[in-house]
Each structure stands twice: as structure tokens, then as C-alpha cells.
Amino acid sequence: MTKPETPHLGQDSRASTAPGLFLCFEGGDGSGKSTQVRLLRDALTRHGRDVLVTRQPGGTPLGAQIRDVLLHGDHVSARAEALLFAADKAHHVDELIRPALAVGTVVITDRYTDSSIAYQGAGRDLGADDIRALQHWAVGGLFPDLTFVLDVPAEVGRERRGEVHDRLESEADGFHDAVRQGFLDLAAQAPDRYVVLDGRLPPEEVHAAALARAEELLGRRR
Ligand code: TYD
């Protein structure tokens, strides 16, 4: 048997998400993703779109349990952490995301495979290629049509998060710097499928840029 080539998220032939549209927000902790997800969902809904918002980890009952173990449980070894994040996504894609896309829904996810490549691959130093291959298998080759990366320096994210930190957020700034660079590297590899937005700009400004790109993509699908 010949060994399959390591899949590259930026270049692989993803499964088509038609008739739906698959959008993703990525970025470090405290980058303002949740606000942007909400603003985009509200705008697209006002424009008459059927929108499903979900988040990783979580989004399904099993995902909620995995999320609890990962973010609020005791120590989890780095490889186990990577596998648990992958398990959450596999279940999530099968149960929620694929069915929604199949009936024409716009799916907006707060984090996806790139979070694992950045956090487990770069942050935990498990290697981007291995994590990419693991995630590729877990999601059955389904990748977003467009990913928005909200970029903020590690110290800005830390300030915004305040005093409350989950297991990953409590990592040192060096970890979060590696994560940030991980996202920027992924975006640079496939500029047609990523939009990097400055997360320090006023939320309405970031939203206007994201909405314009989403509408452009939806317009092309008509
Ligand atoms: P969450 O509370 O959802 O953070 P945020 O609001 O910043 O998105 O916590 C998710 C945490 O899990 C976050 O620190 C990033 C991390 N994570 C990974 O390490 N790998 C992954 O594959 C995913 C999806 C998230």
C-alpha cells in the first residue's frame, strides 16, 4: 500500500459544502471571535439566510462533555488532548455540520481544524503536519469555504480575558505567541481561503469587512 501524502489544509480538495456555505472564525483566546460570530449571524439572518452557529469544542451533547474534560478537567497529556479535540470535531461534523450544509444552511463555526493545528501543533509543539493529518481524517476532508483569522498579540488577548482562565488560556504568553503565528502561517499558505482581520480594530469595523467577504461569496453561489 502506498503511503498517502500528508494532506495540506491550504491546498487539499475539500468536500464541496454546496448548497450551504461553511464559514469559520479562528484566532487566539480573547481575539473577539464570539462577538464577530454573533454579528455575522445577525446580519446574515437579517438578509434572509438560514444560519447555524456552532463552536468547537462543544456544539453537541458529546462535544459538551469533551469540552468539559478538555477545558475544565485535570491534566490531559498533549497527545490525548489532540485526540480529544479531533474526536469532538469528528462527531460534530457528522452530527451537525454536514447535515446543515446539505440543506443549504450557512454554517458559522467558532473555531475548527486550524485551532488544533495552531494550539496542539504549534502551541504544544506536536507538529503541524501530524495534527493536520489527524484533523483531516477526523473531519473527513470537510473544510470551510472561508476562514476569518482574528489576529491579536498574546498580551492583548491576556488583558481582554481578565482573571478567569481555562486550562489552555492559562498557558504562558510564549504558547499564545506560537498559536498566533500558527494561524498566520496557515492563512499565508492559502490566501484565497483566509481573511486575516486585525482584532484590535473596533468590532463594527472588523464585522463590516467580514460581512463584505461573506456576502461576496454568497453572491458568487447564486
Ligand atoms: P473557548 O472557551 O471556546 O475559547 P474561545 O472563546 O477563545 O474560543 O475554549 C476553547 C479553547 O480550546 C481555546 O483555548 C482553544 C482551544 N482549542 C484547541 O486547543 N484545539 C482545538 O482543536 C480547538 C477547537 C480549541
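**Salt bridges, a helix and a pocket**

With a relative accessibility of 17%, arginine 167 counts as buried; here buried means under 20% relative accessible area, exposed means over 50%, and partly exposed lies in between (1.4 Å probe, protein chains only). The model is a predicted one, in which local features need pLDDT of at least 70 and side-chain atom pairs count only at pLDDT 80 or more, while totals for chains, interfaces and linings use all residues. Residues are numbered from 1 along each chain as its sequence is written, and side-chain values use heavy atoms, with hydrogens and water left out.

Arginine 167 forms a salt bridge with glutamate 81, and their closest N and O atoms are 2.8 Å apart. Arginine 167 sits in the loop between α6 (154-161) and α7 (173-189) and glutamate 81 in helix α3, so this pair ties together parts that are 86 residues apart in sequence. The helices (H or I, at least four residues) and strands (E, at least two) are DSSP runs, numbered from the N terminus. Glutamate 81 is buried as well, its relative accessible area being 0%. A salt bridge is taken as a side-chain nitrogen of Lys or Arg within 4 Å of a carboxyl oxygen of Asp or Glu, and by this rule the count comes to twelve.

Another of these pairs joins arginine 124 to glutamate 171, with 3.0 Å between the closest N and O atoms. This pair also links distant parts of the chain, 47 residues apart: arginine 124 belongs to the loop between α4 (113-123) and α5 (128-138), and glutamate 171 to the loop between α6 and α7. Glutamate 171 is partly exposed, at 24% relative accessible area. Together, Glu81, Arg124, Arg167 and Glu171 are linked in a network of salt bridges.

A salt bridge within one helix can be seen in α8 (residues 203-221), where arginine 213 and glutamate 216 lie three residues apart, about one turn of the helix. Their side chains meet at 3.7 Å, N to O. Both ends are partly exposed: arginine 213 has a relative accessibility of 26%, and glutamate 216 has a relative accessible area of 39%.

Helix α2 is a good place to look next. Its twelve residues (61-72) reach 16 Å from the first C-alpha to the last, close to the expected 16 Å, a span worked out as 1.5 Å times one less than the number of residues. Which residues of α2 are buried? They are Gly63, Ile66, Arg67, Leu70 and Leu71. These five cover an arc of only 115° around the axis, which puts them on the same side of α2; the arc is that of the directions from the helix axis to the C-beta atoms. On the other side of α2, Pro61, Gln65 and His72 are exposed. The cover over the buried residues of α2 includes β2 (51-55) and α3 (78-102).

Strand β2 holds threonine 54, which is buried with a relative accessible area of 5%. Setting aside neighbours within four places in sequence, the contacts of threonine 54 (heavy atoms within 4.5 Å) include His92, Leu96, Ile97, Val107 and Ile108. In the loop between β2 and α2 lies proline 57; the peptide bond leading to proline 57 from glutamine 56 is cis, with omega near -5°.

Glutamine 56 also belongs to the lining of the largest pocket, where Asp29, Lys33, Gln56, Arg67 and Arg111 are the residues nearest the centre among the 26 that line it. The elements giving two or more residues to this lining are α1 (33-46), α2, α3 and α4, and the largest share, four residues, comes from α4. A pocket is found on a 1 Å grid over the protein atoms alone, as an open set of points where a 1.4 Å probe fits, with protein on both sides within 12 Å along at least five of seven lines; lining residues have an atom within 4 Å of a point. The volume of the largest pocket is about 470 Å³, counted as the space filled by probe spheres set on the points, which are joined across faces, edges and corners.

Arginine 111, in the loop between β3 (106-110) and α4, is buried at 12% relative accessible area. Although not a glycine, arginine 111 has a positive phi of about 80°. Aspartate 125 likewise has a positive phi, of about 65°, without being a glycine. Found in the loop between α4 and α5, aspartate 125 is exposed, with a relative accessible area of 65%.
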